[in-house]
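Trainee: I have a structure to go through. Can we take it by short questions?

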Amino acid sequence: MKTILVTGGAGFIGSEIVRQLDAIGKYKIKVLDCLTEQIHGKEPDTSYLYSFIKGKCEFIRGDVRNFDVVDNAIDGVDYIIHLAAETGTGQSMYMINQYNEVNIMGLSNIFQAISLKRKKHTVQKIILSSSRSVYGEGKYECPNCGIIYPRSRRAENMAHGDFTIYCELCNEPLKLLPTTEDSLTRPNSLYAFTKLAQESMIQTMCHAMDIDYTIFRFQNVYGTGQSLKNPYTGILSIFSTLLLDNKDINIFEDGKESRDFVHVTDVATAVIRSIEESRTNGEIINLGSGTGTSVIEIAKTLKAIYNSSSKLHITGDFRVGDIAHNVADITKARKLLQFTPSVSLKDGLTDFCRWVLGQDTDNSRYEQSLSEMEKSGMFIRHS
Ligand SMILES: NC(=O)c1ccc[n+]([C@@H]2O[C@H](COP(=O)([O-])OP(=O)(O)OC[C@H]3O[C@@H](n4cnc5c(N)ncnc54)[C@H](O)[C@@H]3O)[C@@H](O)[C@H]2O)c1
Ligand SMILES: [Zn+2]
């Protein structure tokens, strides 16, 4: 029986991967996760996500920054699904060392451990969870100049309530295109930089060590189990905790900013399918729904499902480094993995809300997270 190590396997996406792997029953599953407080709370033993995987895997509580821990964890492992990471885009802009240490050194330890085992290592393939954030603003078209990969929007335009993306060459407003994997990468957060660095490390080291790899660029993954405690990520969780308290919601920018939401079960299925699908070896693959949904649309849908009396305020406030829009081109995932997003956004959201209603929600750290970002100049209130 082949062994799979899932780093970060107690997290949101990892726990769903472990659940599906366990149901398939074909592999021995090992999880390496340090159960960070930001995701699992002060008493991780009672963490929802961790409870979800208990008994379904061999669990190693440890930090990917610790070389000895990683070295032991990869013993006898055939496949590694590397998910352990710090994941907050805004937070990454001021917790710079922390993001580099976990995201870059964590992966570096895996290669160091493989290298020290020389020919005795058993690792055949590494699967990396990268992110759409590596594209930065993504792919656009200018009526005059053709394909354009714009840099971040200008903070002074945004401060004046203008959230449009303009062509840097001729100043025309740009039209969004679905982002293909060969699009230019242009990270505009430290988090995105670490994800691109991980990709590059995987490509370089797997090639040199003759290990197969697949790199996934996840879009906005959502679903049952996503952290309701982490105020730094996940608008569905943030909106839900506010809506359930009937607190008003600050919709950033003009509310039209959009994201590509993909359900966690679809993501996990595709990742698992890639383990033994040799056509995915050496490939970078977008995993999304292929459809963009605006933030105001999401807020309205959630408000209706919860029957909340919260008011939705479109404030023009914004976070520096946030992208305007995102839609992935998922042709490659369809072709190589027969990937089809099977959960519609409506069904996925209804299911998510049903789950949230049974959880302890807490939005007390949300305002604090905004003030923290405001102090570091990363969150700007519309004047
Ligand atoms: N959720 C998304 O929408 C999304 C989008 C793009 C990419 N990703 C990537 O997918 C992966 C999983 O994301 P997620 O949403 O499940 O995140 P998550 O925060 O729910 O899970 C991450 C897990 O890693 C663990 N972890 C963090 N630091 C660690 C360390 N130093 N050592 C060991 N374990 C550590 C945490 O305890 C947690 O269980 C991440 O690499 C993330 O960058 C996620
Ligand atoms: Zn132009």
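Mentor: Start with a term: the domain bounds used here come from an automatic or database domain assignment. The model itself is predicted.

Trainee: How far apart do the C-alpha centres of domain 1 and domain 2 lie?

Mentor: Fix the bounds before the distance. Domain 1 covers 3-139 + 178-380, and domain 2 covers 140-177. Between their C-alpha centres the distance is 28 Å.

Trainee: How many residues does the contact take from domain 1 and from domain 2?

Mentor: Contact here means C-beta atoms, placed from the backbone, within 7 Å. On the side of domain 1 that touches domain 2, the classes are seven nonpolar, seven polar and six charged residues. The contact takes 15 residues from domain 2 and, from domain 1, 20 residues.

Trainee: Which are the edge strands of the three-strand open sheet?

Mentor: Read the order: β7-β6-β8, with antiparallel pairing. Strand β6 (residues 140-142) is joined to β8 by two bridges, and tyrosine 140 stands opposite leucine 176 in β8. An edge strand pairs on one side only, which fits β7 (146-148) and β8 (175-176).

Trainee: Which element gives the most to the shell around ligand 1?

Mentor: Of the 28 residues around ligand 1, Gly8, Gly11, Phe12, Ala85 and Ser129 come nearest. Elements giving two or more residues to this shell include α2 (37-40), α6 (96-117), β5 (125-131) and β10 (220-222). The element that gives the most, with three residues, is α1.

Trainee: How do the residues of the shell around ligand 1 divide into nonpolar, polar and charged?

Mentor: Take the charged class: it has four residues. The rest of the division is eleven polar and 13 nonpolar.

Methods
Residues numbered from 1 in each chain as written. Chains lettered and ligands numbered in written order. Predicted model: local features only at pLDDT ≥ 70, side-chain atom pairs only at ≥ 80, totals over all residues. Near = placed C-beta within 6 Å. Helix = DSSP H or I, 4+ residues; strand = E, 2+ residues; numbered from the N terminus. Nonpolar A, V, L, I, M, F, W, Y, C, P; charged D, E, K, R; others polar. Pairing = 2+ DSSP bridges. Contact = placed C-beta atoms within 7 Å.
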